[in-house]
Amino acid sequence: MRLRYRYRLYPDAAQRDALARAFGCARVVYNDGLRLRQAAFSAGQGFIDDGELQKRVITQGKRTPERAWLSEVSSVVLIQSLRDLNRAYRAFFAVRRGERRASAVNLPRIKSKRDGRQAIRLTSNGFTVRDDGKLYLTKVGDVEVVWSRRLPAEPSSVTVVRDAAHRYWASFVVEVEEQPLPRTDIECGIDLGLTHFGVTSGGEKIAAPRFLRRAERKLRRLHRDLSRKQKGSANRQKARLKLARQHAKVADRRHDWHHQESTRVIRENQAVFVEDLAVAALGRTRLAKSIHDAGWTRFVDMLEYKAALYGREFAKIDRFAPTTKTCSCCGTRVERMSLRVREWDCPSCGMRHDRDVNAARNILALGRRERLNACGEGVRPERVPAAVDEAGTDRSEGALP
Ligand SMILES: [Zn+2]
């Protein structure tokens with residue numbers, strides 16, 4: 001399966017300039033390609049194919065005085081940037097034709113210089129890992145890398161990113177072997193926590209650690225500070241960077257914690273079932289936002305790829321089911337349940353339930369039932385490796401624990 005590994009880069013001043021040029025050129029090529037396609041479409045000329053687009057945007061572009069500076073950066077960067085655009089279009093068309101399921105994939109949009117995140121992608125002819133550990137990037141030079149963990153295989157491409165906190169990263173996609181863990185008989189369902197990050201069918205409550213909650217409070221304070229600063233002022237600029245740095249810090253800590261917890265859950269259980277988040281949000285619209293704030297999407301993605309990596313079963317329950325309002329003991333469904341109710345007694349069997357543990361037990365039961373159905377049809381439960389995003393749309397630069 002393919003996984004993404006991310007390492008911090010420390011380019012010097014000249015390399016930062018070279019990278020800024022590359023980010024700029026990649027963005028311009030992407031936007032030029034997008035505008036050409038939009039114009040052709042408006043003029044009723046149909047879709048410009050990939051080869052034609054590359055010829056017009058890169059080859060012919062370089063010959064014009066307005067775009068002559070595209071020659072200053074590696075052509076690999078430019079070609080990859082157009083490839084990302086093509087991929088974004090294909091993803092959009094695939095969803096529209098119903099070939100791929102996704103909640104919302106929009107048409108590609110113009111990239112701005114002011115976007116917090118800037119990225120370029122290089123294929124193997126555009127970079128080399130040197131014997132001394134430096135990362136050679138074509139037309140940039142030998143860049144200092146902190147190899148925080150071993151890269152398990154030869155990477156076929158690298159994405160170089162500058163994030164909103166002005167940090168640089170190299171992100172590699174590599175093929176890794178599956179490493180099945182010894183079998184266990186324990187299986188669990190996890191309910192998206194309302195009072196907790198998550199609650200398992202075994203009764204365990206997973207709470208975000210105190211340091212993370214503290215860091216998140218500080219983040220909210222910096223947000224307020226920024227909104228009080230005058231637009232366009234130097235102080236506002238400073239406050240913005242401070243906020244971006246705190247954002248990065250919180251994101252990193254949350255990420256580390258998600259890794260720890262997801263690895264633990266996958267180690268301890270042979271099968272893990274969770275509600276599909278899009279479906280869960282249907283029943284809990286008011287809470288959808290707080291669910292996403294808690295980083296559930298990322299956590300669930302980690303569970304999914306780690307299950308595939310360690311030979312465990314993982315499934316999302318994507319059928320809408322009233323998991324909260326159904327007794328996990330006898331199946332009786334109660335009409336309504338206020339959000340304030342933390343514990344309740346089943347009117348039929350008299351069982352006393354913790355609200356979230358009961359929901360998690362129902363999720364586990366649904367997961368097992370769907371597995372049985374799948375076996376009945378002679379189909380094994382599907383195991384999907386972690387999605388590998390493109391430079392332009394990457395939101396999941398996960399790395400192994
Ligand atoms: Zn009952």
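**View 1. The hairpin of β6 and β7 in the predicted model****.** In this predicted model, strands β6 and β7 form a hairpin in which five residues lie between the two strands. Within the turn, His166 adopts a positive phi of about 65°. Strand β6 covers residues 157-162 and pairs with β7 in the antiparallel sense, over five bridges. One residue pair can be followed directly: Thr159 has Ser171 in β7 as its bridge partner.

**View 2. Antiparallel pairing of β1 with β7****.** Strand β7, which spans residues 168-175, also pairs with strand β1, residues 2-10. The two run in the antiparallel sense and are joined over eight bridges. Leu9 has Tyr168 in β7 as its bridge partner. Strand β7 thus appears in two pairings, with β1 and with β6.

**View 3. The open five-stranded sheet****.** Five strands make up an open sheet in the order β10-β9-β8-β11-β12, and the pairing is mixed. The edges are occupied by β10 (205-206) and β12 (313-317); each has a single partner strand, so one side of each is left without a neighbour in the sheet. In general, strands of a sheet pair through backbone hydrogen bonds, either parallel or antiparallel. Here, strand β8 (residues 187-192) and strand β11 (residues 271-275) run parallel and are joined by four bridges. Cys188 stands opposite Val272 in β11.

**View 4. The surroundings of Val199 in β9****.** Val199 is part of strand β9, residues 198-200, a strand placed between β10 and β8 in the sheet order. Is Val199 buried or exposed? Val199 counts as buried because 26 C-beta neighbours lie inside 10 Å, where the cut-off for burial is 20 or more. Gly189 is ten residues apart from Val199 along the chain, and the C-alpha atoms of the two are separated by 8.4 Å.

**View 5. Packing of helices α4 and α5****.** Helix α4 (residues 210-228) packs against helix α5 (residues 234-268) at an angle of about 160°, and the axes are 9 Å apart. The two helices are therefore roughly antiparallel to each other, since an angle over 145 degrees counts as such. The crossing of α4 past α5 is left-handed. The residues of α4 that meet α5 include Phe211, Leu212, Leu219 and Leu226; among those on the α5 side are Leu243, Val250, Arg253 and Trp257. By class, this contact comprises ten nonpolar, three polar and nine charged residues.

Notes
Residues are numbered from 1 along each chain as its sequence is written. This is a predicted model: local features need pLDDT of at least 70, side-chain atom pairs count only at pLDDT 80 or more; totals for chains, interfaces and linings use all residues. Two strands pair if DSSP finds at least two bridges between them. Axes are lines fitted to C-alpha atoms, for helices over the stretch in contact, and angles run from 0 to 180 degrees between N-to-C directions. Angles under 35 degrees count as roughly parallel, over 145 as roughly antiparallel, 65 to 115 as roughly perpendicular and the rest as oblique. A crossing is left-handed if the near helix is turned anticlockwise from the far one by less than a right angle, and right-handed if clockwise. Two residues are in contact if their C-beta atoms, placed from the backbone, lie within 7 Å. Ala, Val, Leu, Ile, Met, Phe, Trp, Tyr, Cys and Pro count as nonpolar, Asp, Glu, Lys and Arg as charged, and the others, Gly among them, as polar. A residue is buried if 20 or more other C-beta atoms lie within 10 Å of its own, exposed if 12 or fewer, and partly exposed in between; C-beta atoms are placed from the backbone.
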